[in-house]
Each structure stands twice: as C-alpha cells, then as structure tokens.
Amino acid sequence: METAFERIGKNLKGKPAKYNRFLKFSKHKTQPHDARTRKCVRCNRAEAHISVHGLNYCRECFREVAYDLGFRKYGKEA
Ligand SMILES: [Zn+2]
C-alpha cells in the first residue's frame, strides 16, 4: 500500500516546480526513534533497558532475576 507521501508525490510528477517544493518541505514520515521499541520482555517497561548479552530486561527485572541467571557478587559484600 502506498503512503500519502508517495501518492501526492506521484500526482505532482508532471509539475516540476511544485514537485521540488513538495520534496523540500514535506519530509517522508519515518518510524520514530527506536528507543521506545525495545521493551522489557518481563514487564514491558521501556525505560532502563538492558540489552547487553541479549538480556532484554529492565533494570528492576534484572535485579530480581539476575541471581537465577547466574550473576553472582564476589568480594567483601558477598
Ligand atoms: Zn521489566
């Protein structure tokens, strides 16, 4: 399915001056920034996403499941 941008652009092809003006001032609407597309797989929170090692958890879920995943604290506090 063609977008409104493509449809209007196609109609203006025969009018070069208007087409150039359309390209200059009408930006193609793209997908929003990918910051909100990555969500926690456990609670769907979009903030504080941990994607390292393919975890895909938020910070709070990571705190809860980290021990079960094999993350251990070694040192004085452990
Ligand atoms: Zn979460």
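**Figure 1. Helix 3, a helix with hardly any cover.** In this predicted model, helix 3 spans residues 59-69. How many of its eleven residues are buried? The count is zero, so helix 3 is hardly covered. Right after helix 3 comes Gly70, and its phi is positive, near 110°.

**Figure 2. The whole chain, for orientation.** Before going on with the close-ups, here is the overall layout. The protein chain has three helices and two strands, and from the N terminus on they run α-α-β-β-α. Out of 78 residues in the protein chain, buried ones make up just 4%. Take the contacts in the protein chain with a separation of 6 or more: residues 24 or more positions apart account for 3% of them. As for confidence, the protein chain averages a pLDDT of 84, and 87% of the residues score at least 70. Which element has the lowest mean pLDDT, and which the highest? Helix 1 (residues 4-11) has the lowest, at 85, while strand 2 (residues 57-58) has the highest, at 94. Where pLDDT is low, don't read the predicted coordinates in detail.

**Figure 3. Helix 1 and what follows helix 2.** Gly9 sits in helix 1. Is Gly9 buried or partly exposed? It has 16 C-beta neighbours inside 10 Å, so Gly9 counts as partly exposed; being buried would take 20 or more. Gly9 and Ser26 are 17 residues apart in sequence, and their C-alpha atoms are 9.7 Å apart in space. Then there's Lys27, in the loop between helix 2 (16-25) and strand 1. Lys27 is 22 residues along the chain from Phe5, with 8.4 Å between the two C-alpha atoms. Lys27 itself counts as exposed, because it has 8 C-beta neighbours inside 10 Å and the limit for exposed is 12 or fewer.

**Figure 4. Arg42 and the residues it meets.** Arg42 is also placed in the loop between helix 2 and strand 1. Which residues is Arg42 in contact with, leaving aside its neighbours within four places in sequence? The answer is Tyr57 and Cys61. Tyr57 belongs to strand 2, which covers residues 57-58, and Cys61 falls in helix 3, residues 59-69. The C-alpha atom of Arg42 is separated by 8.6 Å from that of Asn56, 14 residues away along the chain. With 14 other C-beta atoms within 10 Å, Arg42 is partly exposed.

**Figure 5. The loop between strand 1 and strand 2, home to two positive phi values.** His53 is found in the loop between strand 1 (49-50) and strand 2, and Asn56 lies in that loop too. Keep an eye on the backbone here: phi of His53 is near 60°, and phi of Asn56 is near 55°. Each is a positive value in a residue other than glycine. Why is His53 exposed? It has 7 other C-beta atoms within 10 Å, and 12 or fewer makes a residue exposed. Asn56, on the other hand, has 16 other C-beta atoms within 10 Å, so it is partly exposed. Asn56 ties this view back to the previous one, as its C-alpha atom is 8.6 Å from that of Arg42.

Methods:
Residues are numbered from 1 along each chain as its sequence is written. This is a predicted model: local features need pLDDT of at least 70, side-chain atom pairs count only at pLDDT 80 or more; totals for chains, interfaces and linings use all residues. pLDDT is the predictor's confidence in each residue, from 0 to 100. Helices (H or I, at least four residues) and strands (E, at least two) are DSSP runs, numbered from the N terminus. Two residues are in contact if their C-beta atoms, placed from the backbone, lie within 7 Å.
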